[in-house]
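Biologist: Could you take one part of this model and walk me through it slowly? I'm new to this, so plain words would help.

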Amino acid sequence: MRRHQHPFNGKRFIGNNNTNEVHDLDNEKTRCEIDKILLNHVKTFIPDTHSEAKRQNFDNCAHCIGNSHY
Ligand SMILES: [Zn+2]
C-alpha cells in the first residue's frame, strides 16, 4: 500500500538506507515491516523504478520483490 505522506510521497519503490533493501509498495507484505523503517532511513528513487533502485545497489526485499541476494 502506497503512503502519501512525507517521506514516502506516494512512491512505489521505497528503499531502506539502513538495510539497503528496496520494497515494492504495490506488492507490500506484512513482513516488509514498512512502518518500522525509521523515516530518516526511507529512500525514494527518481525515476520511481526498480531498475533505478538496482542501479543504486539496493537489494530486493525477499517478501515483496523476491530474488534477494542475501
Ligand atoms: Zn518488502
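Modeller: Sure, but keep in mind that this is a predicted model. Let's start with strand E3 (residues 42–44): 3 bridges join it to E1, and the two run antiparallel. Within that pairing, Gly-15 sits opposite Lys-43 in E3. Now look at E1's other partner. E1 and E2 also run antiparallel, joined by 4 bridges, and here Gly-15 stands opposite Val-22 in E2. To get from E1 to E2, the chain makes a hairpin with 4 residues between the strands. One residue in that turn, Asn-20, has a positive phi of about 65°.

What about the faces of E1 (residues 13–16)? Both are covered: Phe-13 and Gly-15 are buried on one side, Ile-14 and Asn-16 on the other.

Follow the hairpin into E2 (residues 21–24) and you'll find His-23, which takes us to the metal. His-23 gives its ND1 atom to the zinc ion, while Cys-32, Cys-61 and Cys-64 each give an SG, with these donors lying 2.1 to 2.3 Å from the zinc. The angles among the 4 donor atoms are 97 to 117°, and the site is tetrahedral. Along the chain, the donors are spaced as H-x8-C-x28-C-x2-C. That pattern brings in distant parts of the chain: His-23 is in E2, and Cys-64 is in the segment after strand E4 (59–60), 41 residues apart.

Are those two donors buried or exposed? His-23 has a relative accessible area of 3% and Cys-64 has 4%. Buried means under 20%, so both count as buried.

Note on methods: Residues numbered from 1 in each chain as written. Predicted model: local features only at pLDDT ≥ 70, side-chain atom pairs only at ≥ 80, totals over all residues. Heavy atoms only, no water. Donors = N, O, S within 2.8 Å, 3.2 Å for Na, K, Ca; no water. Tetrahedral: all angles 85-135°; square planar, octahedral: opposite > 155°, others 65-115°. Buried < 20%, exposed > 50% of the residue type's maximum accessible area, 1.4 Å probe, protein only. Pairing = 2+ DSSP bridges.
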